[in-house]
Amino acid sequence: MRMIDNGHAGASKVCSVMNMTPPPRPKSFKKSSHVIAKHAKTVAKKSMKAAAKEVDGSDVFTSSVVTDRTYPFQEPLIRPNRRNFYKAGYYLTFPIPYTKSLRIVLKWNGTSELNDDELWNMTTNCKKNKKGCPIVLFHSVIANKLVHGAKVKSSFEDYFSEESTKPKTKLLKRVTTTVSEMVKSPEIYGPGMRSGCKLTCQKVLSGSEVEIYNVRNTAKVIQSLLFRVYDIKQGKLVSSENWKRVLITMTWDGKDAQVKEIPLAGIFSVGLDYLREVQSLTAGFKNTTCDIQGHRATEIALRDWLAFLLYEMPFWKSAKITVGIPAGHQSAIICTQVSTKELSLDKYHPRLTGYFSAQLNQQGFDYLHHKTMFHLQKQWGHVVAINFFLRNLMIASTHELDIIIEIDETDLPVYPGSGLEDFFHYLHDFQPYRNTSSVFNGNPYYQRRGRFRIYRCFRHMLFDPILFTTGIRIYLESQMNRENVRTIRKFLPTSSSFNQTILPDSLLTVVLFYGSKGSGGITTDSITYGEWNRSLALEFQFSPQNIHSFPVYTMFENEPGVMVNRTVVSLKPGQQVTHTFKIARNNVGVILRKEYRTIVPNQKADVKVDGEDAGLWFSPQRALTEAFSLRIHDYLLPPEKTARKDSINVVLTAITRWEIISIKVVSVMLTN
């Protein structure tokens, strides 16, 4: 009965019909079923396909990828691909912490580990000959290096303990289980929610705005922002389906608005066309119970759809938040709550934190131009979320277009590109009307009718924010197959003012970030290995000195048609290069930005600063062809290794083959 899932009631009926002894009492039946299930699970783990994880040199856990049961990761942190029975694999959207090393191995019973080079050669031959491969293996791992010794802080830190870190399996299981429960019901754990949710309702007329928060001469941190929107139909209030007409503006410390007339649909990712539940941890849309007060409060249900934003928003002098509805659009009842806490300068400082901000970009859509999703100049900060809304009528296969990220004063990508289906995750499993939102990323809504498609995706980068010191551009490439098409820096014109009319081929993005105006860093040194006499860093040496170098004539991946000459220095495992770099004494961190050749994948080098360990520089990218082999990669040195110093001694020791062209040294100084 356990196998056919009919439980105690089904067992009793079967035993009665077959004139058999009745089953044990319900309590005993349930207990014995759990014992049987436990042993069955043990047997299944030994025989099923598995993905083994190894952290810091020790096995942590083995998780099944055939059944939907994983240990210790649970849905929605882990999402098996159920679209096609013949396609294996899953998406893991929870960070795996490690201090020394992380290894992920794909294997199954009766086979050895996959040979990377054999698979790569087979894949390139299939692509070259335009044939289908008998085995297709695709994987993408996004890694972020945290500052050594730093602890990730969040609004949820009080809900699990870090007292015990041994064995690692128990800590990992406890953390992932806790976060999994939080994602299922963030309204229970989010600040200002639970029994603290008390919404105040106001009427917003067409062509007007109302204040929902306004304080002066005080310093606080907004912890959560809660919203409901109601329409008035035939005199009755109904939960609104049109959140794009309600525009929000946020102004901190009396400066220009950092969030200016952004539709609520874009901030909360609830959708421009159809509302769908958003099952995310830091911003979402769920059925939640709240107390109601204010305008027409007695007509509003206590439990209804609620949008929440749990990003902390510090301010040091004043804060003002307003919502408005453009003229010509229907009035609404807006119910809101703003939860705050006291600000501590030890934790929040404008020089390091910046202001919570948002940028909107709205544009058409074609294959002839790049599409700007986010663009800032002469500003510093870090990106924490990207909300993406695309209507697509004439263009097919848009989910394969790559997102490219360029930071600071370079036109070259630090994040060189990955398709929409990889960047936002789970898009390979796109099915009409299916909600695949999850803890930090996903696609709450997808519609497909013939060639017409609607995408609504989000990615919250709480654990891997994109740092920039002088500017940033994030854009969607013009079209696929960049190696065959020359489309150099042609961008569609965009508008930062929201147009309520959404065209059939159009793209809207809302990017959330922290930052401020001004320069957040300067280039204090650089070295080009093939042009030693032109480098600022004259003090460097190789060990041993007989280092192999060779010229290449190639391109950066996102600049097809622009061929450049470079000299590559190739270090073998164990070989070193020692530098003395100039840095700014008042730095709050130093970025080493290298230009390198990516024909050799998974390049690793040990980093030491002034004789002390500063981590592992890992560059996993691999170029598909020699013609597109140049990329940029950043490495952030721990601030405690660089603070109050005018220069640093940096030693790079190759662990694998390490092929490098140049290094630029950026001293981070987040001045306002």
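**Exercise 1. Locate Ser-269 in this predicted model and determine whether Ser-269 is buried or exposed.**

Solution. Begin with the place in the chain: Ser-269 belongs to the loop between helix H6 (264-268) and strand S12 (283-289). Next, consider the backbone: the phi angle of Ser-269 is near 60 degrees, a positive value in a residue other than glycine. Finally, turn to accessibility. The relative accessible area of Ser-269 is 2%, and the cut-off for a buried residue is under 20%. Ser-269 is therefore buried.

**Exercise 2. Carry out the analysis for Asn-602: in which loop does Asn-602 lie, and which accessibility class applies to Asn-602?**

Solution. The loop that holds Asn-602 runs between strand S33 (590-597) and strand S34 (603-609). Phi of Asn-602 is near 55 degrees, which is a positive value in a residue other than glycine. For the class, take the relative accessible area, which is 30% for Asn-602. Partly exposed covers the range between the buried limit of 20% and the exposed limit of 50%. Asn-602 is therefore partly exposed.

**Exercise 3. Describe the side chains of strand S29 (residues 540-543), then follow the chain to Pro-544.**

Solution. Step one concerns the faces of the strand. The side chains of S29 alternate. Phe-540 and Phe-542 point to one face and are buried, while Gln-541 and Ser-543 point to the other face and are not buried.

Step two concerns pairing. S29 is antiparallel to strand S32 (residues 576-582), with four bridges between them. Phe-540 has His-579 of S32 as its bridge partner.

Step three concerns the end of the strand. Ser-543 is joined to Pro-544 by a cis peptide bond, with omega at about -5 degrees. Pro-544 itself is in the loop between S29 and strand S30 (548-554).

**Exercise 4. Identify the strands that pair with strand S17 (residues 332-342), and trace a path from there to His-295.**

Solution. First, examine S17 itself: eight of its eleven residues are buried, and the strand is mostly covered. Strand S6 (residues 198-204) runs antiparallel to S17, joined by five bridges. Within this pairing, Cys-201 is matched with Cys-335 of S17. Strand S8 also runs antiparallel to S17, here through ten bridges, and Thr-336 of S17 is the bridge partner of Phe-227.

Now proceed from Cys-201 to His-295. These two residues are 94 apart along the chain, yet their C-alpha atoms are separated by 5.2 Å. His-295 is found in the loop between strand S13 (291-294) and strand S14 (303-309). The relative accessible area of His-295 is 35%, so this residue is partly exposed.

**Exercise 5. Where does the largest nonpolar core lie, and why?**

Solution. Start with the members. The core has 56 residues, and Phe-227, Trp-243 and Ile-248 touch the most other members. Strand S8 (residues 220-233) supplies the largest share, five residues. Because domain 2 (198-342) and domain 3 (355-486 + 503-517) both contribute residues, the core lies between them.

**Exercise 6. Characterise the lining of the second largest pocket by residue, strand, class and domain.**

Solution. The pocket has a volume of about 650 Å³. Of the 27 residues in its lining, Ala-257, Gln-258, Val-259, Lys-260 and Ala-358 lie nearest the centre. At least two lining residues come from each of strand S11 (259-263), strand S18 (355-364) and strand S27 (506-517). S18 gives the most, with six residues.

By class, the lining holds eleven nonpolar, eleven polar and five charged residues. By domain, at least three residues come from each of domain 2 (198-342) and domain 3 (355-486 + 503-517).

**Exercise 7. Set out the pairings of strand S38 (residues 658-668) with S28, S31 and S33.**

Solution. S38 is mostly covered, with ten of its eleven residues buried. Its pairings are antiparallel, as listed here:

- S28 pairs over seven bridges, and Ile-527 is matched with Ile-663 of S38.
- Strand S31 (residues 564-571) pairs over three bridges, with Val-569 matched to Ile-660 of S38.
- S33 pairs over seven bridges, and Lys-594 has Ile-663 of S38 as its bridge partner.

As a last step, consider Thr-524, which is in strand S28 (residues 521-528). Thr-524 is buried, with a relative accessible area of 15%. Thr-524 and Asp-646 are 122 residues apart in sequence, and their C-alpha atoms are 10.0 Å apart in space.

How values were computed:
Residues numbered from 1 in each chain as written. Predicted model: local features only at pLDDT ≥ 70, side-chain atom pairs only at ≥ 80, totals over all residues. Heavy atoms only, no water. 1 Å grid on protein atoms, 1.4 Å probe; cavity = no way out; pocket = protein on both sides within 12 Å on 5 of 7 lines; lining within 4 Å. Points joined across faces, edges and corners; volume = space filled by probe spheres on them. Nonpolar A, V, L, I, M, F, W, Y, C, P; charged D, E, K, R; others polar. Domains from an automatic or database assignment. Buried < 20%, exposed > 50% of the residue type's maximum accessible area, 1.4 Å probe, protein only. Pairing = 2+ DSSP bridges. Core = buried A, V, L, I, M, F, W, Y, C linked by side-chain atoms within 4.5 Å.
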